Every structure is written in C-alpha cells, then in structure tokens.
Amino acid sequence: MKQWQRSLAESITSPEDLLHQFDVDPSRFSNVVTRYPMRITPHYLSLIREPFDPIWRQCVPDPIELSKDELVPDPLNEEGLSPVPGLIHRYPDRAVLVVSTACAVYCRFCMRKRKVGCTPSPAIGRMLDDVCRYLSETPAIRDLILSGGDPLLLDDETLEEILERLRSIPHLEIIRIGTRVPVTLPERITTRLCSILKRFHPIYVNTHFNHPAEIVAASAAACAKLSDAGIPLGNQTVLLRGVNDDPAVMKHLMQRLLAIRVRPYYIHQMDLVQGTGHFRTSVSKGIEIMEALRGHTSGLATPYYVIDLPGGKGKVPVLPEYVQRRGDVLLVRNYLGEMVEYRD
Ligand SMILES: *Cc1c(COP(=O)(O)O)cnc(C)c1O
Ligand code: SF4
C-alpha cells in the first residue's frame, strides 16, 4: 500500500470518532451517514480547530441534511444530458467524464451528493469503450474534464490507462482534471503521479479550496509539485454559508491562492441540490464579495462568480452593475463607488 492509500485507510468514517477529540453532543449525529457517507482524512481532520469552524462545517455530517426541502437530487439534469454512462455533454465543445464516485473527504455541500460516496465507481474499462466511441464520433469536443468524485483517488495505473485512451483521440485538445486531493489528501500528489500526468500535456488541474485555513504547508507543497510538472492550476470555490460568505475571508483566500500559484477561476453559487440547502447564501452576498475583490486586489485574484442554471442551462457569470447609459454617455461606477462619465 502506498502512503496516500494508508492515509485514506486511516480516515474517520463515523461521527462518533470525533468524540475522542471534540466535546460535542453525540445525539447531533443521528443517522445522516447511512444516507450520505462521511470520510475525513487525517490531514483534513488536523485542520479543524474547534467544532463548527469552517473546516468542520465542510466535512462533518449535520442532521439538517436529511430535512425535507424543495431541492432535488440532480437540479442540473446531468443524468438527462448523459449520452453514454459517465459522460455529461452539455456544451458544444466540452464534456465532463465522471471516472470515480469516491472522494478523500465527503464534502457535505457536494453538488453530486446524489451519487458521490453512495454509488460504486464505474468499471473503467467498459466505460472507456463507450465513452471513447462517443468522443471519436463527436469531433466538436475538444476539452474533456475528468471529474467525479475525485479522479485522483484512482490508482496511478488506472489514471494512466484513462489518459492513454483519451490521448488516442486526436481532436481532444485539452484534458482537465477536477480534484480536491491537494486540499484533502495532499500526499496523493506524488512525484510518480506528476511524472505520469506530464506525459499527457496539455493537462489543466482545477482544485477546490474554500477557506484560507486550508492553505497550509502540505497543500501548498502538493500544488507546487503539480505546477512544477507544468500543469496550470485553477481553483473553484463554492460560496458557503458559515464558511466563506464574508468578503474579507474570500479576499484573503484568493490572495493566498495566488501565493501558491493557484489562479482563482470560479466562485460558484450553491446549486439547488437536495441535502445541501443549509449552505446556500443569497446571490447579493456573492455580488457583495465580487465588489470587494474587483479593483481592491489583483485582477488575478478576481475569479468569475457563476450560477449554474437549473436544468443544465449553463454557467452564467453574475457581475455587479457597473454601467448605466445616459444617451451617448456611460456612467461607470469604479471600485471606489465613484460614477465616472465615459463617452461611448
Ligand atoms: C462546468 C461544466 C463544464 C465546464 O465549463 P467551463 O465554464 O468551460 O469551465 C462543462 N460541462 C459541464 C456539464 C459543466 O458542468
Ligand atoms: S471533493 Fe468535490 S466531488 Fe468530492 S465530495 Fe467534495 S465537492 Fe463533491
């Protein structure tokens, strides 16, 4: 067993395991994990300072996940947009391939909560036959996103097999990998993994930091290894109530990400996913955060704030209103709130 696999095996999977370390009422834990499983790696557990802090909220089950709400398991209609098992094809030139339903840590706010952690991972060989046939017959697809679950929970050999098969399709220009292991299981980013990935360039990795407290020596070192393998790193943050719904926290997170060579890509408004409603914030909170970033810190630290529209209608950026038209004069609001005239 490799070191990262040992760490994964040493993860806690039952809320009662937290009682050794933290003084919380065990009755809080009810039976959430029989519906939505829990896993917290030793690394991620070590980041928790106290119950209900921003790290705890992301990974410790809460009975509110089981409460009845109007939310649905698959609001983005991913299952309906799947031409072959595992593939989600919504946009003309790019698609998502779900290669694993396992993650190092099961985030309580996961947008694929309906299956991540709950359904077995696909049989890769069989799935790849169908997927590669579809991709070969669909030359418009030039960008494929490996997702899950977490693709980097697959072992090196399986990943290599997937990348080899995908690279035999000439019109696939770029391959992206969406992974949270730099944050949750940084020891997974081994020298061997990096040397495999770099054989299949252009590879892009989007990772998923949600709070500045997740940026520590181990996660920074994991990101540095990927960057040193020539892989551009982006970050997708989810706007989460009680975790990062604060302009100062978000600005600090974005600045710290740039300092470890990770470029903020998206801040996601929470999807309307069953079992995650307690994390939702208003859209005006997201706009407030974007106003606190733009102009106040590096443009590089300013991602797009996006809503992924229900039904699979696509991701749309939400911007503060900067421009008002008065005839042929534009009144443009700058980052200080001044209205500046600009002739069209
Ligand atoms: C988010 C997403 C993509 C990628 O969108 P980008 O804006 O290019 O990052 C592609 N397909 C699906 C189904 C998605 O949800
Ligand atoms: S790492 Fe991503 S896919 Fe896995 S549980 Fe967290 S949000 Fe869901």
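**View 1. The buried residues of helix 11 in this predicted model**. Helix 11 spans residues 283–293. Its buried residues are Gly286, Ile289, Met290 and Leu293. Seen down the helix axis, they fall within an arc of 100°, so they line one face of helix 11. An α-helix has 3.6 residues a turn, so residues three or four places apart point the same way.

**View 2. What covers the buried residues of helix 11**. The cover includes a helix and two strands. Helix 10 (247–259) is one of these elements. Strand 7 (263–268) and strand 8 (304–309) also take part. Glycine 295 comes just after helix 11. This glycine takes a positive phi of about 85°.

**View 3. Threonine 281 in its loop**. The loop runs between strand 7 and helix 11. Threonine 281 counts as buried because its relative accessibility is 11%, and buried means under 20%. Leaving aside residues up to four places away in sequence, threonine 281 touches Leu239, Leu240, Arg241, Asp245 and Gln269.

**View 4. The surroundings of ligand 2**. Ligand 2 takes up the space of the largest pocket. Around ligand 2 stand Cys103, Val105, Cys107, Cys110, Val116, Gly149, Arg180 and His208. By class, five residues of this shell are nonpolar. Two are polar and one is charged. Cys103 and Val105 are among the nonpolar residues, Gly149 is among the polar ones, and Arg180 is the charged one.

Methods
Residues are numbered from 1 along each chain as its sequence is written. Chains are lettered from A and ligands numbered from 1 in the order in which they are written. This is a predicted model: local features need pLDDT of at least 70, side-chain atom pairs count only at pLDDT 80 or more; totals for chains, interfaces and linings use all residues. Side-chain values use heavy atoms; hydrogens and water are left out. Buried means under 20% relative accessible area, exposed over 50%, partly exposed in between (1.4 Å probe, protein chains only). Helices (H or I, at least four residues) and strands (E, at least two) are DSSP runs, numbered from the N terminus. The arc is that of the directions from the helix axis to the C-beta atoms. Contact means heavy atoms within 4.5 Å. A residue is near a molecule or strand if one of its heavy atoms lies within 4 Å of it. On a 1 Å grid over the protein atoms alone, a cavity is a set of points where a 1.4 Å probe fits but cannot get out, and a pocket is an open set with protein on both sides within 12 Å along at least five of seven lines; lining residues have an atom within 4 Å of a point. A molecule sits in a cavity or pocket if more than half of its atoms lie within 2 Å of its grid points.
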